[in-house]
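Hi everyone, thanks for having me. I'll talk through one structure today, so please have a look at it while I speak.

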Amino acid sequence: MENGVQAGLQQAAGGGGSDGWVLVEARLQGGAPWGFTLQGGLEHGEPLIISKVEEGGKADSLEQPLMVGDEIVIINDVELTGYRQEAIALVKGSYKTLQLTVRRYRLFVH
């Protein structure tokens, strides 16, 4: 999966037309703070999404920056169940590198 690129787009299976989506992989380096905030999760009956990206932070400085509205699906090769507390524990457990895969709906892709 690692190919030396900080972030990349993958065409996702399923979802065509305007409701389609892509998976975006992001590799953040250097340790916390990572520069983004999460909201939602199954405990709130919502998808786990990025609600804020700090301008100039690690999440904003990638070749393919993370965006508000991205749904986090994988953290450090762990497929999430959708609970916010699980995601926070995985993020906090990341020492020097944080590997994320997010689902980005095409209406957000520029």
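**A walk around one pocket and two salt bridges**

Let's start with who lines the second largest pocket: its lining residues split into six nonpolar, two polar and two charged. Before going on, please keep in mind that this is a predicted model.

So which residues are we talking about? The lining of the second largest pocket is made by Pro33, Trp34, Gly35, Phe36, Thr37, Leu38, Arg84, Ile88, Val91 and Lys92. How much space lies in that pocket? About 160 Å³. If you wonder how anyone finds such a space, rolling a probe the size of a water molecule over the atoms shows where empty space is left.

Now, which elements do those residues come from? Strand S3, residues 36-41, and helix H1, residues 84-92, each give at least two residues to the lining. H1 has the largest share, with four residues.

Let me zoom out for a moment. The protein chain has one helix and seven strands. Reading from the N terminus, the order is β-β-β-β-β-β-α-β. Of the 110 residues in the protein chain, 39% are buried. And here's a number about the way the chain folds back on itself: take the contacts with a separation of 6 or more, and 59% of them are between residues 24 or more positions apart.

Okay, back to the pocket lining, and to Pro33 in particular. Pro33 sits in the loop between strand S2, residues 21-29, and S3. What joins Pro33 to Ala32? A cis peptide bond, with omega at about 0°. For background, most residues other than glycine have a negative phi, and most peptide bonds are trans.

Hold on to the phi part, as two residues in another loop come up here. Asn76 is in the loop between S5 and strand S6, residues 78-79, and Asn76 has a positive phi of about 50° even though it is not a glycine. Asp77 is in the loop between S5 and S6 too, and the phi of Asp77 is positive as well, near 65°. Are they buried or exposed? Asn76 has a relative accessible area of 26%, so it counts as partly exposed. Asp77 is exposed, because its relative accessible area is 63%.

Next up, a residue on the inside: Ala59. You'll find Ala59 in the loop between S4 and S5. Its relative accessibility is 0%, so Ala59 counts as buried. Which residues does Ala59 touch, if we skip the neighbours within four places in sequence? Ala59 is in contact with Leu28, Trp34, Gly35, Phe36, Val53, Pro65 and Leu66. Trp34, Gly35 and Phe36 may sound familiar, as they were among the residues lining the second largest pocket. Try finding Leu28 on your screen: Ala59 and Leu28 are 31 residues apart in sequence, but 6.8 Å apart in space, C-alpha to C-alpha.

Last topic: charges. Side chains of opposite charge can pair when their charged atoms come close. How many salt bridges are there in this model? The count comes to two.

One of them is between Asp70 and Arg104, where the closest N and O atoms are 2.7 Å apart. This pair links distant parts of the chain, with Asp70 in the loop between strand S4 (46-53) and strand S5 (71-75), Arg104 in strand S7 (residues 97-105), and their positions 34 residues apart. Both Asp70 and Arg104 are buried. For Asp70 we have the number too: its relative accessible area is 0%, so it counts as buried. The two side chains also make a polar contact, at 2.7 Å. And what else is around Asp70? Leaving out neighbours within four places in sequence, Asp70 is in contact with Leu48, Ile49, Ile50, Val102, Arg103 and Arg104.

Arg103 from that list has a partner of its own. Arg103 forms a salt bridge with Glu71, and here the closest N and O atoms are 3.5 Å apart. Arg103 is in strand S7 and Glu71 is in strand S5, so this pair ties together parts that are 32 residues apart in sequence. Why is Glu71 called buried while Arg103 isn't? The cut-off for buried is under 20% relative accessible area. Glu71 has 16%, so it is buried, and Arg103 has 21%, so it counts as partly exposed.

That's my tour, thanks for listening!

Methods: Residues are numbered from 1 along each chain as its sequence is written. This is a predicted model: local features need pLDDT of at least 70, side-chain atom pairs count only at pLDDT 80 or more; totals for chains, interfaces and linings use all residues. Side-chain values use heavy atoms; hydrogens and water are left out. On a 1 Å grid over the protein atoms alone, a cavity is a set of points where a 1.4 Å probe fits but cannot get out, and a pocket is an open set with protein on both sides within 12 Å along at least five of seven lines; lining residues have an atom within 4 Å of a point. Grid points are joined across faces, edges and corners, and a volume is the space filled by probe spheres set on the points. Ala, Val, Leu, Ile, Met, Phe, Trp, Tyr, Cys and Pro count as nonpolar, Asp, Glu, Lys and Arg as charged, and the others, Gly among them, as polar. A salt bridge is a side-chain nitrogen of Lys or Arg within 4 Å of a carboxyl oxygen of Asp or Glu. Buried means under 20% relative accessible area, exposed over 50%, partly exposed in between (1.4 Å probe, protein chains only). Contact means heavy atoms within 4.5 Å. A polar contact is a pair of N or O atoms within 3.5 Å; within protein, one must be able to donate a hydrogen and the other to accept it, and residues adjacent in sequence count only if both atoms are side-chain atoms.
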